[in-house]
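This report describes the fold, the ligand surroundings and selected local features of one protein chain. The sequence and the structure are shown first.

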Amino acid sequence: MRDWDPELYNRFRSYRAQPFGAILARLELDPDETIVDFGCGSGENTIELARRAPHGRALGIDSSPAMIERAGAGKAALPAELGARVEFRLGDIAAPALPERFSLVFSNAALHWVSDHRQTLAAWHRLLRPAGKLVVQMPANYEETAQVTLTRLAAEPQWRTELGGVKVASARVRSPAYYARLLDDLGFVDVDCYYQTFAHPMKGPHEVLEWSRATVLRPFLEALTEARRQAFIAQWRRRLEQAYGTDGPLTFNFRRIFLWARRKDD
Ligand SMILES: C[S@@+](CC[C@H](N)C(=O)[O-])C[C@H]1O[C@@H](n2cnc3c(N)ncnc32)[C@H](O)[C@@H]1O
């Protein structure tokens, strides 16, 4: 798949930052925390976590060269003391080959891009020190109007040949009860899994489309030729206007799932 576009992804930065804000409001960080941020993207969250653990370190892992390059530029602009405690590496979060152990495994808006959540969460469990914390957030909005209309359109006869096999990434995200059982099975304790919905005012369906271009729409556009892409986008925009009942302001309700747990103390 074509690489991520950090510029496009960060266009709605204030909205995309809200779930991280919700995590920070609850997360207790020790001053010497050792943190891995899986799917760190352009690295802002990784840096903020390191800033809040003044004697700790934070490592961001991402498979996107463009994102890691952007994160590296962010690190280079930091005061030397903070920059020295932050590191970014290219890597696959589904199969992390890391020799070190961490006191916090963190992942914001990335695990839904990975197909096997059991295997990945088991790998992340192995990377935690005893009593280490796990904090994960993923979109769980596959029943929201934008995702439903996108999936329906892609399944229609004129698109099915190219897009029939393409799924919205959040379709693989399961319920809080599912993750609670899974984390318990994997040996985590103090498990807490729940949904939280964020209300994002948008100027119109065209902004929902812009938001989606950076994420959910990527695999769909990737499967189309340039000419077909424009036609698909135009049709989806019309569907969004019909489904939201407006071409003007609307509230984009974005449900997310949060997973909190801790590795047992040995
Ligand atoms: C929606 S962005 C989230 C970025 C960042 N965590 C944030 O909250 O702003 C998802 C990121 O996950 C990364 N990603 C997806 N699958 C991955 C994989 N298998 N291994 C490493 N990174 C992955 C993408 O490259 C992208 O940067």
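The text below proceeds from the overall fold to the ligand shell, the nonpolar cores, two helices and two backbone details.

**Overall fold**

The model is predicted. The protein chain contains 13 helices and seven strands. For a chain of 266 residues, a compact globule would have a radius of gyration near 18 Å, and the value of 19 Å for the protein chain agrees with this. Along the principal axes, the C-alpha trace extends over about 55 × 40 × 30 Å. Of the 266 residues, 37% are buried. Among contacts between residues at least 6 apart in sequence, 77% link residues at least 24 apart.

**Ligand shell**

The ligand is surrounded by 19 residues, of which Gly 39, Gly 41, Ser 63, Ser 64 and Trp 113 come nearest. By class, the shell comprises nine nonpolar, seven polar and three charged residues.

**Nonpolar cores**

In soluble globular proteins, nonpolar side chains tend to be buried together. In this chain the largest nonpolar core has 43 residues, and Ile 35, Val 36, Val 105, Leu 134 and Leu 259 touch the most other members. Strand β5 (residues 128-139) gives the most to this core, contributing five residues. A second, separate core consists of 19 residues, including Leu 150, Ala 154, Trp 159 and Phe 252.

Beyond its neighbours within four places in sequence, Ile 35 has contacts that include Leu 49, Ala 50, Ala 53, Phe 102, Leu 104 and Phe 106. Phe 106 itself lies in strand β4. With 27 other C-beta atoms within 10 Å, Phe 106 is buried, because 20 or more are required for that class. Apart from residues up to four places away in sequence, Phe 106 touches Ile 35, Val 36, Asp 37, Leu 49 and Val 135. Phe 106 and Leu 259 are 153 residues apart along the chain, yet their C-alpha atoms are separated by 10.0 Å.

**Two helices with a buried face**

Helix α7 (residues 117-126) has the buried residues His 117, Thr 120, Leu 121 and Trp 124. Viewed down the axis of α7, the buried residues fall within an arc of 95 degrees and therefore line one face of the helix. The exposed residues Arg 118 and Gln 119 are on the face of α7 turned away from the buried side. The cover over the buried residues of α7 includes β4 (102-108), β5 and α10 (176-185).

In helix α11 (residues 205-213), the residues Pro 205, Val 208, Trp 211 and Ser 212 are buried. Their arc around the axis is only 110 degrees, which places them on the same side of α11. The elements against which the buried residues of α11 pack are α8 (145-155), β6 (188-202), α13 (226-244) and β7 (250-263).

**Backbone details**

Two residues that are not glycines have a positive phi, as listed below.

| Residue | Strand | Phi | Other C-beta atoms within 10 Å |
|---|---|---|---|
| Ala 131 | β5 | about 70 degrees | 13 C-beta atoms |
| Asp 190 | β6 | about 50 degrees | 13 C-beta atoms |

Ala 131 is partly exposed, and Asp 190 is likewise partly exposed. Ala 131 belongs to β5, the strand that gives the most residues to the largest core. Asp 190 belongs to β6, one of the elements packing against the buried residues of α11.

Notes. Residues are numbered from 1 along each chain as its sequence is written. This is a predicted model: local features need pLDDT of at least 70, side-chain atom pairs count only at pLDDT 80 or more; totals for chains, interfaces and linings use all residues. Helices (H or I, at least four residues) and strands (E, at least two) are DSSP runs, numbered from the N terminus. The radius of gyration is taken over C-alpha atoms; the globule rule is 2.2 Å times the number of residues to the power 0.38. A residue is buried if 20 or more other C-beta atoms lie within 10 Å of its own, exposed if 12 or fewer, and partly exposed in between; C-beta atoms are placed from the backbone. Two residues are in contact if their C-beta atoms, placed from the backbone, lie within 7 Å. A residue is near a molecule or strand if its C-beta atom, placed from the backbone, lies within 6 Å of it. Ala, Val, Leu, Ile, Met, Phe, Trp, Tyr, Cys and Pro count as nonpolar, Asp, Glu, Lys and Arg as charged, and the others, Gly among them, as polar. A nonpolar core is a set of buried Ala, Val, Leu, Ile, Met, Phe, Trp, Tyr and Cys residues joined through C-beta atoms within 7 Å. The arc is that of the directions from the helix axis to the C-beta atoms.
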